[in-house]
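I am opening a notebook on this structure. I want to look up its empty spaces, its metal site and one of its helices.

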Amino acid sequence: MDLSIQQELAPENIYGIIGEDGIARLIAAFYRQVATDDILRPMYPEEDLAPAEMRLREFLVFRFGGPQRYIAQRGHPRLRMRHAPFPIDQQARDRWVALMENALQQQAFPAEVTTALRTFFHEVATFLINRPAS
Ligand code: HEM
């Protein structure tokens, strides 16, 4: 009897596989690209991207099943509300996802982790669209 059910890894299990270090490397690779991106860079209110990089990293550590430092420091994520000031249309969403895809390709994560991360990022990014296409 074939008991293998093709089930995707839940986000909560990702930290246990790639750890603090894997998440840090992924997000560093993402922010290296944001620094020169014509759509995304102008949206960041601060000159220095390091604090924004830390917030995303800490959020993902929490969301992927690691320590809850993000909650202690920032409270409930409220991602839709926190992104409301930034004009996220389909194009901005697609750019964010494209940079994250590049960052993912630079890591050597196990295939099931990459698949789970991809699904998660695509879904959350779509959920954060808050402007019609211009
Ligand atoms: C869809 C395209 C997206 C755009 C254009 C965008 C843009 C931004 C900007 C400009 C900020 C403010 C930077 C800062 O913290 O100072 C921010 C914060 C943040 N973003 Fe995004 N973002 C996008 C998608 C996502 C996705 C998919 C996630 C999660 C998987 C995410 C998670 C966060 C978090 C956790 C913060 C910090 C919230 C806080 O604690 O204040 N973002 N984003």
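Entry 1, terms. On a 1 Å grid over the protein atoms alone, I take a cavity to be a set of points where a 1.4 Å probe fits but cannot get out, and a lining residue to be one with an atom within 4 Å of a point. A pocket is instead an open set with protein on both sides within 12 Å along at least five of seven lines. Grid points are joined across faces, edges and corners, and a volume is the space filled by probe spheres set on the points.

I note that the model is predicted, so local features need pLDDT of at least 70 and side-chain atom pairs pLDDT 80 or more, while totals for chains, interfaces and linings use all residues. Residues are numbered from 1 along each chain as its sequence is written, and side-chain values use heavy atoms, with hydrogens and water left out.

Entry 2, the cavity. I looked up the cavities of 30 Å³ or more and found one. The largest cavity holds about 30 Å³ of space. I list its lining as Val-97, Met-100, Glu-101, Leu-104, Arg-118, Phe-121 and His-122. Two or more of these residues come from each of helix 5 (90-105) and helix 6 (111-127); helices are DSSP runs (H or I, at least four residues), numbered from the N terminus. Helix 5 gives the most, with four residues. By class I get four nonpolar, one polar and two charged residues. Here Ala, Val, Leu, Ile, Met, Phe, Trp, Tyr, Cys and Pro count as nonpolar, Asp, Glu, Lys and Arg as charged, and the others, Gly among them, as polar.

Entry 3, helix 5. Its 16 residues should span 22 Å at 1.5 Å a residue, and the end C-alpha atoms are 22 Å apart, which agrees. The expected span is 1.5 Å times one less than the number of residues. Among the buried residues (under 20% relative accessible area, 1.4 Å probe, protein chains only) of helix 5 are Val-97, Met-100, Glu-101 and Leu-104. Helix 1 (14-34) and helix 6 are included in what covers the buried residues.

Entry 4, the pocket. The largest pocket has about 790 Å³ of space. I find 28 lining residues, with Tyr-31, Tyr-44, Leu-56, His-83 and Phe-86 nearest its centre. Helix 2 gives the most to this lining, with five residues. The lining has 21 nonpolar, one polar and six charged residues.

Entry 5, the iron. Which protein donor (N, O or S within 2.8 Å of the metal) does the iron atom of the ligand have? I find only His-83 (NE2), at 2.0 Å. His-83 sits in helix 4 (residues 79-83).

Notes:
Donors = N, O, S within 2.8 Å, 3.2 Å for Na, K, Ca; no water. Buried < 20%, exposed > 50% of the residue type's maximum accessible area, 1.4 Å probe, protein only. Contact = heavy atoms within 4.5 Å.
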